[in-house]
Structure formats: structure tokens, C-alpha cells
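Hi,

Here is the structure I promised to pass on. Have a look at it first, and then read on for what turned up when I went through it.

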Amino acid sequence: TNNTLGFRTSAAAAAESSAAASSSSSSGGGGAAASTGATVTESKSQVWPSVPKDSSVTLNVNKEAVAVTAIEVSDVKSDLSNVELSVGALSEKPSGLSDAAPKVYQYLTITKKNLDEGDANFNIGFRVTKAWLAENSLSSADVSLYRLKDDKWNELATSVVSSDATYVNYKAP
């Protein structure tokens, strides 16, 4: 139920697809961070005592140091109890993993308890600074969210939602 996520530019995807696919982590998320030297530098968690069928819940992060802005759980397929979501920024790439890409904005850990992937739909909102994009000669369309699953970095369909003077905001399932 834990995931390690990294931001990867799609411009680098072709060059790094085999390296990302050969990632050697045996577990993701908090376990990978705790066992491989990376530490969570900033995090946000929330527990919902009950989540009724057909409802939605959102973890709003609002932490400057965490690129994830929100995790939305929608279309819950059955009544759930004691659901917990947690997201954290990692201090570095967990050792033993290949880089998600040559240019990684931030490695993250997302943990969910009492909530399986088949229980609902998930959307992750995140942001990247325009300054980082400019420093790395990237456009807003070059950013993708990648998920470590089955020892492989898997690209999630990522779309630009909005932007302001500082950030480009994205959404990925």
C-alpha cells in the first residue's frame, strides 16, 4: 500500500526508459525510505474514521516543501473504516533505486492504509516551480509523475491544470 514517486521529465523518458524499468527496489514508499537512507523531510497525514460508499475525500497538503498539493480519493466502491493517507517529501533518492529520470524534481512517499487501489479512484495534484523548469530548460509539458511499482518506474498520465507566477500545477491519476 506504499508508493515511492518521482517526478520525471517526458523529454528524458526515451533516454531513461530502460534504466527506469530496471529499478532494483524491493518495496516502495515509507519502507523504501526508511530502509535505504532517504528520510522524510516534511509530511502531511490525515485519517478518516469512515468513508461511505460513493463518497470522496481529499488530503490537502499545503506544505511548501512537499510538491504534492492534494490527493483526491473519489468514487469509493464500498464503505471503508479508518482510512489514512500520508504524503512526504524525501531528502534524497532512496538508495538501491535507479533514478526516475536524469532530471528529478522531488522524490516522494505516499502511504495509504485501509484503502486498496481497487477501492476508489485516485488523483494526485502536484506542483513544480517555474524557476526549476527554466533552470533545466524544460517546458511545463515536459513534466510527468512516475510511480515505482513492481520494481519499475511507471509514467502516470500527467496534465497541466493551471499556473501562477511561481508554480505550474499538475494532476495525475
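Let's start with a term: two residues are in contact here when they have heavy atoms within 4.5 Å of each other. With that in hand, take the contacts in the chain between residues at least 6 apart in sequence: 71% of them join residues at least 24 apart. Do keep in mind as you read that this is a predicted model.

**The overall layout**

The chain has 173 residues, and 47% of them count as buried. About 8000 Å² of the chain is exposed, with carbon and sulfur atoms supplying 46% of that. In secondary structure, you'll find three helices and 11 strands. If you walk along the sequence, the pattern reads β-α-α-β-β-β-β-β-β-α-β-β-β-β.

**The sheet**

One open sheet is a good place to begin looking. Five strands make it up, in the order S3-S4-S7-S11-S10, and their pairing is antiparallel. At the edges sit strand S3 (57-60) and strand S10 (159-163), each of which pairs on one side only. On average, neighbouring strands in this sheet are turned by 20° against each other, if you ignore direction. As background, strands of a sheet pair through backbone hydrogen bonds, and they can do so in parallel or antiparallel fashion.

Now zoom in on S7, which covers residues 121-129. It pairs with S4 over six bridges in the antiparallel sense, and its pairing with S11 (residues 167-172) is also antiparallel and over six bridges. Phe 126 is a handy residue to click on: Val 68 stands opposite Phe 126 in S7, and Phe 126 stands opposite Tyr 170 in S11. Is S7 enclosed or open to the outside? Eight of its nine residues are buried, so S7 is largely enclosed by the rest of the structure.

**The cores**

Generally speaking, nonpolar side chains in soluble globular proteins tend to be buried together. In this model, the largest nonpolar core has 32 residues, and the members that touch the most others are Val 68, Val 73, Val 87 and Leu 133. S5 gives this core its largest share, five residues. There is also a second, separate core of eight residues, among them Leu 97, Ala 100, Tyr 107 and Trp 153.

What does Leu 133 touch, once neighbours within four places in sequence are left aside? Its contacts are Val 128, Leu 138, Ser 139, Ser 140, Val 143, Val 168 and Tyr 170. You've met Tyr 170 already, as the residue opposite Phe 126.

**The salt bridges**

Side chains of opposite charge can pair when their charged atoms come close. How many salt bridges does a search of the whole structure find? The search gives four. Here are some to look up:

- Glu 42 and Lys 63 form a salt bridge, with their closest N and O atoms 3.1 Å apart. This pair links distant parts of the chain, 21 residues apart: Glu 42 is in strand S2 (residues 40-51), while Lys 63 is in the loop between S3 and strand S4 (68-74). Glu 42 is partly exposed, at a relative accessible area of 28%, and Lys 63 counts as partly exposed at 26% relative accessibility.
- Lys 113 and Glu 84 form another salt bridge, with 3.9 Å between the closest N and O atoms. Since Lys 113 lies in strand S6 (residues 107-113) and Glu 84 in strand S5 (residues 80-90), the pair ties together parts that are 29 residues apart in sequence. Lys 113 counts as partly exposed, at 44% relative accessibility, and Glu 84 is partly exposed too, with a relative accessible area of 24%.
- Arg 147 forms a salt bridge with Glu 117, and here the closest N and O atoms are 2.4 Å apart. Again the pair links distant parts of the chain, with Arg 147 in strand S8 (residues 143-149) and Glu 117 in the loop between S6 and S7, 30 residues apart.

Is Arg 147 buried or exposed? Buried means under 20% relative accessible area, so Arg 147, at 15% relative accessibility, counts as buried. Its partner Glu 117 counts as partly exposed, at 37% relative accessibility. Glu 117 and Arg 147 also belong to a network of salt bridges that takes in Lys 149.

Cheers

Technical notes
Residues are numbered from 1 along each chain as its sequence is written. This is a predicted model: local features need pLDDT of at least 70, side-chain atom pairs count only at pLDDT 80 or more; totals for chains, interfaces and linings use all residues. Side-chain values use heavy atoms; hydrogens and water are left out. Two strands pair if DSSP finds at least two bridges between them. Helices (H or I, at least four residues) and strands (E, at least two) are DSSP runs, numbered from the N terminus. Axes are lines fitted to C-alpha atoms, for helices over the stretch in contact, and angles run from 0 to 180 degrees between N-to-C directions. Buried means under 20% relative accessible area, exposed over 50%, partly exposed in between (1.4 Å probe, protein chains only). Accessible areas come from the Shrake-Rupley method with a 1.4 Å probe; for residues, only the protein chains shown count as cover. A salt bridge is a side-chain nitrogen of Lys or Arg within 4 Å of a carboxyl oxygen of Asp or Glu. A nonpolar core is a set of buried Ala, Val, Leu, Ile, Met, Phe, Trp, Tyr and Cys residues joined through side-chain atoms within 4.5 Å.
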